[in-house]
Amino acid sequence: MNRLGLIERYRDRLPVSEATPIVSLMEGSTPLIPVPAVSELVERETFVKFDGANPTGSFKDRGMTMAVSKALESGAKAVACASTGNTSASAAAYAARAGIACIVVLPAGKIARGKLAQAIAHGATIVPVDGNFDDALAIVLELTSSHDVALVNSINPYRIAGQQTAAWEIVDELEAAPAVHALPVGNAGNITAHWKGYQSVGEAPAMWGFQAEGAAPIVYGEIVDDPETIATAIRIGNPASWDGAVSARDESGGRIEAVTDEEILEAYRLLAGRDGVFCEPASAASVAGIMKFSADLPPGRVVCTLTGHGLKDPDTAITSMGDLDPVPATLSAVLERVGL
């Protein structure tokens, strides 16, 4: 087997040297999956870039391999992040791989259990705070500026550098960029990184970003003090990469819009129930967006980033199932339940 991690695969395009100790879990090379049901609805050939297939189940691994490798190169003995979940899981895993400590500051009670379980399992020191993601990030910024601890949130330019690789993989596989690339937008580092990645290889798809209606500061043009959405991964009221997202939108001739929780869940169920792809709710914002604004899609192929695996947030899937009460252990009872 000759599979490479992202840094080795794209070493000539990334800010690493022979002196950089590579911390990798064989991230990247995630599938680009055709989604016929979505394609039929939006009347465009549509693919999903399923970054839930990364080692910790989200796109965060793309940037984290770079951020932790460079932290180790600088001599850091610990890394720290604020997180709505996926960053904490990824930072904890890569820090464990590197043999250094990981500190996670997160908003209490606002993290999907699948993500929190990962950070715990990987041995991170987890500090819940009474506040939202933006409060947690402010604390981490203060911590990393005053102590010998490396920041691994997407403010770290190495995170953005690593996340570019998804765009390169898409161009490699399709032999060109899609007409539209749609992404969920939370802290906005991913849309920023994708646009940078496309530009670096001479491509320019329209970048479409989608925020949850209850956490859409870029759409509204102002900070949201108390963001709220079922899509916990994008429940952010003051994105760290706000300017980068706006630049990606404007320079590519794209858009950043809001989708409701109901629209997100509709796309989430469609992907799982019709196209067989199980993603976390925040991921489905990209598909919800192209469904909502399908009349505005230009001719050509569409790619939607699915940022995380559905097992990141099992509670949403289970609560949406409806009746799970047991029936008697007889064939007739089972047939009655299934309507046969």
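## Two glutamates, one helix and an aromatic cluster

E43 sits in the loop that joins α2 (36-42) to β2 (46-50). That loop is a pleasant place to begin a walk through this predicted model. The phi angle of E43 is near 60 degrees, a positive value in a residue other than glycine. Most residues other than glycine have a negative phi. Is E43 buried or exposed? With a relative accessibility of 63%, E43 counts as exposed, because the cut-off for that class is over 50%.

A second glutamate invites a look alongside E43. E175 is found in the loop between α8 (165-174) and β7 (180-184), and E175 too is not a glycine, yet has a positive phi of about 65 degrees. Its relative accessible area is 71%, so E175 is exposed. The table sets the two residues side by side.

| Residue | Phi | Relative accessible area |
|---|---|---|
| E43 | near 60 degrees | 63% |
| E175 | about 65 degrees | 71% |

### The helix before E175

Now step back from E175 to the helix that it follows, α8. How many of the residues of α8 are buried? The count is 8 of 10, and α8 is thus described as mostly covered. At the start of the helix, the buried set takes in T165, A166, A167 and W168; E169, I170, V171 and L174 are also among the buried residues. Just after this mostly covered helix comes E175 with its positive phi, and E175 itself is exposed.

### Aromatic rings

Let us turn to the aromatic side chains, where the structure holds 4 pairs. In one of them, the ring centres of W208 and F210 are 6.3 Å apart and the planes meet at 75 degrees, so this pair is edge-to-face. The cut-off for that label is an angle over 60 degrees. Are W208 and F210 buried or exposed? Both are buried. Which residues do ring pairs join into a cluster? The members are W208, F210 and F293.

### A short strand

Strand β6 covers residues 150-151, and L151 belongs to it. L151 has a relative accessibility of 15% and therefore counts as buried, as the limit for that class is under 20%. What does L151 touch, leaving aside residues up to four places away in sequence? Its partners are A80, V140, L141, T144 and N156. G254, by comparison, stands 103 residues from L151 in sequence, with 30 Å between their C-alpha atoms.

### The chain as a whole

With those local views in hand, the overall picture is easy to add. The chain contains 15 helices and 10 strands. For 340 residues, a compact globule would be expected to have a radius of gyration near 20 Å; the chain has 20 Å, so the two agree. Along the principal axes, the C-alpha atoms fill a box of roughly 65 × 50 × 50 Å.

Of the 340 residues, 57% count as buried. Among contacts with a separation of 6 or more, 70% come from residues 24 or more positions apart. On the outside, the accessible surface comes to about 13,800 Å², and carbon and sulfur atoms make up 53% of that area. As for charge, there are 25 positive and 41 negative side chains, and the centres of these two sets lie 5 Å apart.

Notes: Residues are numbered from 1 along each chain as its sequence is written. This is a predicted model: local features need pLDDT of at least 70, side-chain atom pairs count only at pLDDT 80 or more; totals for chains, interfaces and linings use all residues. Side-chain values use heavy atoms; hydrogens and water are left out. Helices (H or I, at least four residues) and strands (E, at least two) are DSSP runs, numbered from the N terminus. The radius of gyration is taken over C-alpha atoms; the globule rule is 2.2 Å times the number of residues to the power 0.38. Buried means under 20% relative accessible area, exposed over 50%, partly exposed in between (1.4 Å probe, protein chains only). Contact means heavy atoms within 4.5 Å. Accessible areas come from the Shrake-Rupley method with a 1.4 Å probe; for residues, only the protein chains shown count as cover. Lys and Arg count as positive and Asp and Glu as negative; His and the chain ends are not counted. The place of a charge is taken as NZ of Lys, CZ of Arg, CG of Asp or CD of Glu. Rings of Phe, Tyr and Trp (its six-membered ring) pair if their centres lie within 6.5 Å; planes under 30 degrees apart count as stacked, over 60 as edge-to-face and the rest as tilted.
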